[in-house]
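Colleague: I'm new to reading protein models, and I'd love a close look at one small part of this one. Could you walk me through it slowly and then show me what surrounds it?

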Amino acid sequence: MAASLTITGFHDSIDYKVVNCTSIEDATVFVNVTESAGTLYAAYINSANCNANVSLHILDGKDQSNSEIIIKGVATEIRSLQIPKGFAFDMLNFRVSANSAEDDTTDFAGTVSVTLICS
(Lines give C-alpha, C1' and ligand atoms only; values in the text may rest on other atoms or scores of the structure.)
Protein backbone atom coordinates (compact mmCIF):
# COMPACT_ATOMS: atom_id res chain seq x y z
CA MET A 1 0.00 0.00 0.00
CA ALA A 2 1.48 3.35 -1.02
CA ALA A 3 1.23 6.58 0.93
CA SER A 4 -1.52 9.02 -0.04
CA LEU A 5 -0.77 12.76 0.12
CA THR A 6 -3.46 15.47 0.00
CA ILE A 7 -3.31 19.24 0.43
CA THR A 8 -6.35 21.38 1.29
CA GLY A 9 -6.49 25.18 1.16
CA PHE A 10 -8.90 27.38 3.10
CA HIS A 11 -8.66 30.31 0.70
CA ASP A 12 -12.18 31.59 1.27
CA SER A 13 -11.61 32.77 4.85
CA ILE A 14 -7.94 32.27 5.72
CA ASP A 15 -4.89 31.34 3.71
CA TYR A 16 -3.87 28.09 5.41
CA LYS A 17 -2.94 24.74 3.93
CA VAL A 18 -3.51 21.41 5.62
CA VAL A 19 -1.09 18.76 4.37
CA ASN A 20 -2.36 15.30 5.29
CA CYS A 21 -0.33 12.23 4.36
CA THR A 22 -1.76 8.85 5.35
CA SER A 23 -0.48 5.28 5.19
CA ILE A 24 3.22 6.16 5.34
CA GLU A 25 5.14 2.87 5.43
CA ASP A 26 8.81 3.85 5.11
CA ALA A 27 11.33 6.69 5.36
CA THR A 28 10.63 8.17 1.92
CA VAL A 29 11.13 11.95 1.80
CA PHE A 30 8.07 13.96 0.78
CA VAL A 31 9.45 16.96 -1.13
CA ASN A 32 7.97 20.47 -1.40
CA VAL A 33 4.60 19.35 -0.01
CA THR A 34 3.03 22.83 -0.06
CA GLU A 35 4.47 23.64 -3.51
CA SER A 36 5.51 27.10 -2.27
CA ALA A 37 7.26 28.93 0.57
CA GLY A 38 5.28 29.50 3.74
CA THR A 39 5.15 29.07 7.50
CA LEU A 40 4.58 25.87 9.47
CA TYR A 41 2.33 26.32 12.54
CA ALA A 42 1.57 22.78 13.67
CA ALA A 43 2.64 19.21 12.98
CA TYR A 44 0.95 15.96 14.00
CA ILE A 45 2.26 12.41 13.79
CA ASN A 46 -0.27 9.62 14.27
CA SER A 47 1.35 6.25 14.93
CA ALA A 48 -1.82 4.51 16.09
CA ASN A 49 -1.20 1.77 13.49
CA CYS A 50 2.47 1.32 14.32
CA ASN A 51 3.83 -0.87 17.12
CA ALA A 52 7.21 0.87 17.19
CA ASN A 53 8.35 4.37 18.08
CA VAL A 54 8.91 6.60 15.04
CA SER A 55 10.10 10.17 14.44
CA LEU A 56 8.77 12.89 12.15
CA HIS A 57 11.61 14.83 10.49
CA ILE A 58 10.78 18.27 9.06
CA LEU A 59 13.25 19.88 6.68
CA ASP A 60 13.45 23.22 4.87
CA GLY A 61 15.01 23.53 1.45
CA LYS A 62 16.75 21.12 -0.83
CA ASP A 63 18.71 19.36 1.95
CA GLN A 64 16.82 16.10 2.40
CA SER A 65 19.07 14.56 5.03
CA ASN A 66 19.53 16.92 8.01
CA SER A 67 16.29 17.57 9.89
CA GLU A 68 15.52 20.97 11.39
CA ILE A 69 12.57 19.83 13.52
CA ILE A 70 12.13 16.31 14.89
CA ILE A 71 9.03 15.08 16.71
CA LYS A 72 9.38 11.75 18.47
CA GLY A 73 6.27 9.67 17.94
CA VAL A 74 5.32 6.99 20.43
CA ALA A 75 3.95 3.65 19.27
CA THR A 76 0.14 3.59 19.01
CA GLU A 77 -0.21 7.30 19.97
CA ILE A 78 -0.66 10.74 18.40
CA ARG A 79 1.93 13.46 19.05
CA SER A 80 1.78 17.12 18.05
CA LEU A 81 3.92 20.23 17.97
CA GLN A 82 2.41 23.72 17.97
CA ILE A 83 4.57 26.64 16.75
CA PRO A 84 2.69 29.85 17.73
CA LYS A 85 4.90 32.26 15.74
CA GLY A 86 5.57 29.66 13.06
CA PHE A 87 8.59 28.15 11.33
CA ALA A 88 9.24 29.93 8.02
CA PHE A 89 10.33 27.67 5.15
CA ASP A 90 11.29 28.01 1.51
CA MET A 91 10.52 24.39 0.60
CA LEU A 92 8.80 22.11 3.13
CA ASN A 93 10.00 18.50 3.12
CA PHE A 94 9.37 15.74 5.64
CA ARG A 95 9.95 12.05 6.29
CA VAL A 96 9.14 9.55 9.02
CA SER A 97 11.86 7.21 10.25
CA ALA A 98 12.45 4.73 13.03
CA ASN A 99 14.94 6.91 14.93
CA SER A 100 15.34 10.56 15.90
CA ALA A 101 18.92 11.21 14.72
CA GLU A 102 18.75 14.19 12.35
CA ASP A 103 19.99 12.22 9.33
CA ASP A 104 18.16 8.94 10.09
CA THR A 105 16.44 7.20 7.18
CA THR A 106 15.68 3.86 8.85
CA ASP A 107 12.41 2.25 7.74
CA PHE A 108 9.89 1.13 10.37
CA ALA A 109 7.15 -1.49 10.71
CA GLY A 110 3.53 -0.38 10.46
CA THR A 111 1.92 2.75 9.04
CA VAL A 112 1.75 6.33 10.27
CA SER A 113 -0.05 9.52 9.25
CA VAL A 114 1.31 13.06 9.24
CA THR A 115 -0.65 16.32 9.23
CA LEU A 116 1.01 19.73 8.78
CA ILE A 117 -0.76 23.10 9.19
CA CYS A 118 0.91 25.83 7.12
CA SER A 119 0.29 29.20 5.55
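Let's start with Asn32: what is its relative accessible area, and does that make Asn32 buried, exposed or partly exposed?

Modeller: Happy to! Please keep in mind that this is a predicted model. Asn32 has a relative accessible area of 26%, so Asn32 counts as partly exposed. You will find Asn32 in the loop between strands β2 and β3. Its backbone deserves a glance too: Asn32 is not a glycine, yet its phi is positive, at about 50 degrees. Another residue with a positive phi is Ser23, which is not a glycine either and has a value near 60 degrees. Ser23, however, belongs to strand β2.

Now let's meet other residues of that loop. Thr28 sits between β2 (17–24) and β3 (38–49). With a relative accessibility of 40%, Thr28 is partly exposed. The side chain of Thr28 makes a polar contact with the side chain of Asp26, at 2.6 Å. If we leave out residues up to four places away in sequence, Thr28 touches Phe94 and Arg95. For a sense of scale, try finding Phe87 as well: from C-alpha to C-alpha, Thr28 and Phe87 are 22 Å apart, with their positions 59 residues apart in the sequence.

Phe94 leads us to the next loop residue, Phe30. The rings of Phe30 and Phe94 form a stacked aromatic pair, 4.9 Å from centre to centre with 15 degrees between the planes. Why is this pair worth a look? Phe30 is in the loop between β2 and β3 while Phe94 is in strand β7, so the pair ties together parts that are 64 residues apart in sequence. Both partners, Phe30 and Phe94, are buried.

The model has two aromatic pairs by the ring-distance rule. The other pair to look for is Tyr16 with Tyr41, which is tilted: the centres are 5.7 Å apart and the planes make an angle of 55 degrees. Tyr16 is in the loop between β1 (4–9) and β2, Tyr41 is in strand β3, and this pair links parts of the chain 25 residues apart. Tyr16 has a relative accessible area of 29% and is partly exposed. Tyr41 is partly exposed as well, at 23%.

Next, follow β7 from Phe94 into its sheet. It is an open sheet of three strands in the order β5-β4-β7, with antiparallel pairing. The edges are β5 (69–73) and β7 (92–97); each has a single partner strand, so one side of each is left without a neighbour in the sheet. From one strand to the next, the twist averages 15 degrees. The antiparallel pairing of β4 (residues 54–60) with β7 has six bridges. As one place to check this on screen, Asp60 has Leu92 of β7 as its bridge partner.

What about β2 and β3, the strands on either side of our loop? Each of them pairs with β8. β2 and β8 run antiparallel and are joined by six bridges, while β3 and β8 pair in the antiparallel sense over seven bridges. In the first pairing, Cys21 stands opposite Val114 of β8. In the second, Leu40 has Cys118 of β8 as its bridge partner.

Strand β8 itself is a lovely one to learn from. In a regular strand the side chains alternate between the two faces of the sheet. Along β8 (residues 111–118), Val112, Val114, Leu116 and Cys118 point to one face and are buried, whereas Thr111, Ser113, Thr115 and Ile117 point to the other face and are not buried.

Seeing Cys21 and Cys118 mentioned, you may be wondering how many disulfides there are. A search of the whole structure finds zero. For Cys50, the nearest cysteine sulfur is that of Cys21, 14 Å away. Cys50 has 0% relative accessibility, so Cys50 counts as buried. Cys118 is in no disulfide either, and the nearest cysteine sulfur, again that of Cys21, is 13 Å away. Cys118 is likewise at 0% relative accessibility, and counts as buried.

To finish, go back to where we began: Asn32 is in the loop between β2 and β3, and Phe30 of that loop is paired with Phe94 in strand β7.

Conventions
Residues numbered from 1 in each chain as written. Predicted model: local features only at pLDDT ≥ 70, side-chain atom pairs only at ≥ 80, totals over all residues. Heavy atoms only, no water. Pairing = 2+ DSSP bridges. Helix = DSSP H or I, 4+ residues; strand = E, 2+ residues; numbered from the N terminus. Axes fitted to C-alpha atoms, helices over the stretch in contact; angles between N-to-C directions. Buried < 20%, exposed > 50% of the residue type's maximum accessible area, 1.4 Å probe, protein only. Contact = heavy atoms within 4.5 Å. Polar contact = N/O pair within 3.5 Å; in protein donor to acceptor, adjacent residues only side chain to side chain. Phe/Tyr/Trp six-rings, centres within 6.5 Å; stacked < 30°, edge-to-face > 60°. Disulfide = S-S within 2.5 Å.
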